[in-house]
Amino acid sequence: FNPTTDMSALAGPDLIIEAVYESMSVKKEVFAKLDAIAKPGAILASNTSYLNVDEIAAVTKRPDFVIGMHFFSPANVMRLLEVVRGAKSAKPVINTAMKLAKRIGKVAVLSRVGHGFIANRVMGPRARQASALVLEGTGPEAIDKAIYDYGFAVGPFQMLDITGLDVIGRDSNERTLNGDFVAAGRLGQKKNGGFYNYDDKRTQSPSPEAKDIRSEERRVGKSVDLGGR
């Protein structure tokens with residue numbers, strides 16, 4: 001394994017997995033470059049969790065060799081892998097992705113293209129209710145505890161802090177609570193905390209700064225943009 005920032009090194013692999021952040025314009029730019037660099041027959045996979053794989057594939061000259069492979073965060077822990085079949089994804093490409101998932105110890109599920117695919121679409125109703133509660137004044141601590149006590153590993157706001165608040169809604173012009181947190185430099189565990197503060201061991205604690213941001217968002221009556229990863 002030889003890490004590099006030189007994309008020309010990607011001329012040889014049989015499969016390339018893109019993992020840039022969730023912006024359609026950025027995905028298209030990367031896939032256009034990969035299409036020009038990768039050898040004929042190489043599979044180009046996107047780690048997108050929401051975006052339209054067919055739209056991404058359309059910027060390439062090999063849409064039949066483009067597929068979605070959505071690894072959930074943190075990828076080294078989460079076993080679930082969504083393999084997203086585009087309208088033009090070739091059957092051998094789909095089979096390769098499913099076999100690779102098994103080889104690396106993942107549990108693969110096959111999805112068609114659709115907003116949120118399977119897992120994030122299923123979590124949508126929970127996210128919307130969490131959004132409504134936090135905007136009514138309920139703290140994220142109480143919401144996350146209720147979800148945890150019900151049997152989930154983490155609550156929706158803890159999950160967002162783990163994945164990063166900046167990975168959702170980058171292409172949206174609508175003001176959201178996520179956007180306000182990002183504008184304040186609160187990206188989650190990776191930078192300055194998010195809905196919670198964190199120490200150097202990533203132990204969470206209530207955040208007065210986050211409370212101020214939530215209070216302002218309630219005052220102006222905007223929405224929360226939550227999602228899985």
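How many bridges join E4 to E5, and do these strands run parallel or antiparallel? In this predicted model, six bridges link the two strands, and E4 and E5 run parallel. Within this pairing, Val 83 has Leu 110 of E5 as its bridge partner.

The pairing of E4 with E5 belongs to a wider arrangement, an open sheet of five strands. Read across the sheet, the order is E1-E2-E3-E4-E5, and the pairing is mixed. Strand E1 (15-18) and strand E5 (107-112) take the edge positions; each has a single partner strand, so one side of each is left without a neighbour in the sheet. On average, and with direction ignored, neighbouring strands of this sheet are turned by 30° against each other. As a reminder for readers new to such folds, strands of a sheet pair through backbone hydrogen bonds, in either a parallel or an antiparallel manner.

Strand E3 is a good place to see the mixed pairing. Towards strand E2 (residues 43-46), E3 pairs in the parallel sense over three bridges, and here Ala 45 stands opposite Ile 67. Towards strand E4 (residues 80-85), E3 is joined by four bridges and the two run antiparallel; in this case His 70 is found opposite Glu 82.

Strand E3 (residues 66-71) is also mostly covered, with six of its six residues buried. In a regular strand, side chains alternate between the two faces of the sheet. Both faces of E3 are covered: on one side lie Val 66, Gly 68 and His 70, on the other Ile 67, Met 69 and Phe 71, and all are buried.

Attention now turns to a pair of helices. The axes of H5 and H6 come within 7 Å and cross at roughly 100°, which makes H5 roughly perpendicular to H6. Pro 140, Ile 143, Asp 144 and Ile 147 of H5 meet Pro 156, Phe 157 and Gln 158 of H6. The residues of this contact divide into five nonpolar, one polar and one charged.

Gly 155 sits in the loop between helix H5 (140-150) and helix H6 (156-163). Because its relative accessibility is 0%, Gly 155 counts as buried. Leaving aside residues up to four places away in sequence, Gly 155 touches Asp 144 and Ile 147, and both of these H5 residues also take part in the contact with H6. Looking further along the chain, Gly 155 and Glu 217 are 62 residues apart, and their C-alpha atoms are separated by 21 Å.

Notes. Residues numbered from 1 in each chain as written. Predicted model: local features only at pLDDT ≥ 70, side-chain atom pairs only at ≥ 80, totals over all residues. Heavy atoms only, no water. Buried < 20%, exposed > 50% of the residue type's maximum accessible area, 1.4 Å probe, protein only. Contact = heavy atoms within 4.5 Å. Pairing = 2+ DSSP bridges. Axes fitted to C-alpha atoms, helices over the stretch in contact; angles between N-to-C directions. Parallel < 35°, antiparallel > 145°, perpendicular 65-115°, else oblique. Nonpolar A, V, L, I, M, F, W, Y, C, P; charged D, E, K, R; others polar.
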